[in-house]
Amino acid sequence: MSTLRIATWNINSLRLRLKLLPGLIEQLRPDVICLQETKVPDELFPMAEVQALGFAHVLHWGMKGYNGVAILSRLPLRRLDAPDWCAKGDCRHISAEIEGGVSIHNFYVPAGGDVADRTVNEKFGHKLDFIAQARAHFAANRPTRSVLVGDLNIAPLEHDVWSHKQLLDVVSHTPVETEGLLAWQAEGWHDALRQFVPLHEKLYTWWSYRNRDWRASNRGRRLDHVWTTPDLTALSHEILVDARDWEQTSDHVPVCVEVRG
DNA sequence: ATGGTAGGTCTCCTA
């Protein structure tokens, strides 16, 4: 029985924010870091720089301009097969088994565009199809000894957003999305962060760039998640809110959970 | 009610 500290961060360009990773590592002391929106093609991945931070074992799947996911680990990794969600070849999911037998799924779910209506916004349809396929996948492949993390781009619970009422028709908090996400979660997963933070307490991991003073307005949403299977025990959690004030930072903040594997 | 910012990149797309 050992413990594993797993961090997740939508870094919104790995190359631009490489210099912020030492701060994350110092504060969260992760064994594994899952990144989303790396925005770097595989052939340009900054492998030497990442390994110099103490993470010798790295898996990445990136493309030009958009998306991109990576897993950085102090422990050896074995890459696991992942479906081609919606047959788009998008770099939105990467999966690995960590030495010791815990599996990691790192997801970047489509944001879904601005209009919450799939008949006029195909990006919203893509998002709904993606979460439906993810649900079906885990229903058919029930996870064990696994942790699912990432930017799921949905804030499922009332206090995962600054105003439940005002966001009910805003993409990320519409009923069709939140119900879809909770149905996916119900296929074998527990919401690790909400095991630590009561349902009536506000909990955010993202604040828009479009606020002059994100902390004063505090119009946040919980878009980033850590789920665990019931055969693992989540021991603690940390939301690195201060990272939102780092120089030239992401609009998401890092989240870390320690599990007993 | 509106617009606000950021990153990557053949100038607008995505978030």
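**Figure 1. Polar contacts between the protein and DNA strand B in the predicted model.** In this predicted model, a polar backbone atom of Gly65 is placed 3.2 Å from a phosphate oxygen of DNA strand B. A phosphate oxygen of the strand also lies 3.3 Å from a polar atom in the side chain of Lys123, whereas the contact of Tyr209 joins a polar backbone atom to a sugar or linking oxygen of DNA strand B at 3.1 Å. Gly65 and Tyr209 thus contribute backbone atoms to the pairs shown, and Lys123 contributes a side-chain atom.

**Figure 2. The protein surface around DNA strand B.** DNA strand B is surrounded by 16 residues, and the closest of them are Ser13, Leu16, Arg17, Tyr209 and Arg210. Of the atoms of DNA strand B that come within 4 Å of the protein, 68% belong to sugar and phosphate. Sorted by class, the residues of this surface comprise seven charged, five nonpolar and four polar. Tyr209, listed here among the closest residues, is also the residue whose polar backbone atom lies 3.1 Å from a sugar or linking oxygen of the strand.

**Figure 3. The largest pocket and its lining.** The largest pocket encloses about 1,100 Å³ of space. Its lining is made up of 35 residues, and those nearest the centre of the pocket are Ala111, Gly113, Asp114, Asn153 and Trp206. Helix H4, which spans residues 122-140, supplies the largest share of this lining, with three residues. In terms of class, the lining of the largest pocket contains 13 charged residues, together with eleven polar and eleven nonpolar ones.

**Figure 4. The enclosed cavity.** One cavity of 30 Å³ or more is found when the whole structure is searched, and the volume of the largest cavity is about 50 Å³. The lining of the largest cavity consists of Trp61, Pro83, Asp84, Trp85, Asp90, Arg92, His93, His126 and Phe130. By class, these residues divide into four nonpolar, three charged and two polar.

**Figure 5. Buried side chains of His173 and Arg194 in contact with backbone oxygens.** His173 is located in the loop that runs between helix H5 (164-167) and helix H6 (175-185). The relative accessibility of His173 is 2%, and this residue therefore counts as buried. A polar atom of the His173 side chain lies 2.7 Å from the backbone oxygen of Ala155. Arg194, by contrast, is part of helix H7, residues 192-196. Because its relative accessibility is 10%, Arg194 counts as buried, and a polar atom of the Arg194 side chain is found 2.6 Å from the backbone oxygen of Pro198.

**Figure 6. Cysteines without a disulfide partner.** No disulfides are found in a search of the whole structure. Cys34 takes part in no disulfide, and the nearest cysteine sulfur to it belongs to Cys256, at a distance of 10 Å. With a relative accessible area of 0%, Cys34 is buried. Cys91 is likewise in no disulfide, and here the nearest cysteine sulfur, belonging to Cys86, is 14 Å away. The relative accessibility of Cys91 is 2%, so Cys91 also counts as buried. A disulfide requires two cysteine sulfur atoms within 2.5 Å, and the nearest sulfur distances given for Cys34 and Cys91 are 10 Å and 14 Å, respectively.

Conventions
Residues numbered from 1 in each chain as written. Chains lettered and ligands numbered in written order. Predicted model: local features only at pLDDT ≥ 70, side-chain atom pairs only at ≥ 80, totals over all residues. Heavy atoms only, no water. Buried < 20%, exposed > 50% of the residue type's maximum accessible area, 1.4 Å probe, protein only. 1 Å grid on protein atoms, 1.4 Å probe; cavity = no way out; pocket = protein on both sides within 12 Å on 5 of 7 lines; lining within 4 Å. Points joined across faces, edges and corners; volume = space filled by probe spheres on them. Nonpolar A, V, L, I, M, F, W, Y, C, P; charged D, E, K, R; others polar. Near = heavy atom within 4 Å. Polar contact = N/O pair within 3.5 Å; in protein donor to acceptor, adjacent residues only side chain to side chain. Helix = DSSP H or I, 4+ residues; strand = E, 2+ residues; numbered from the N terminus.
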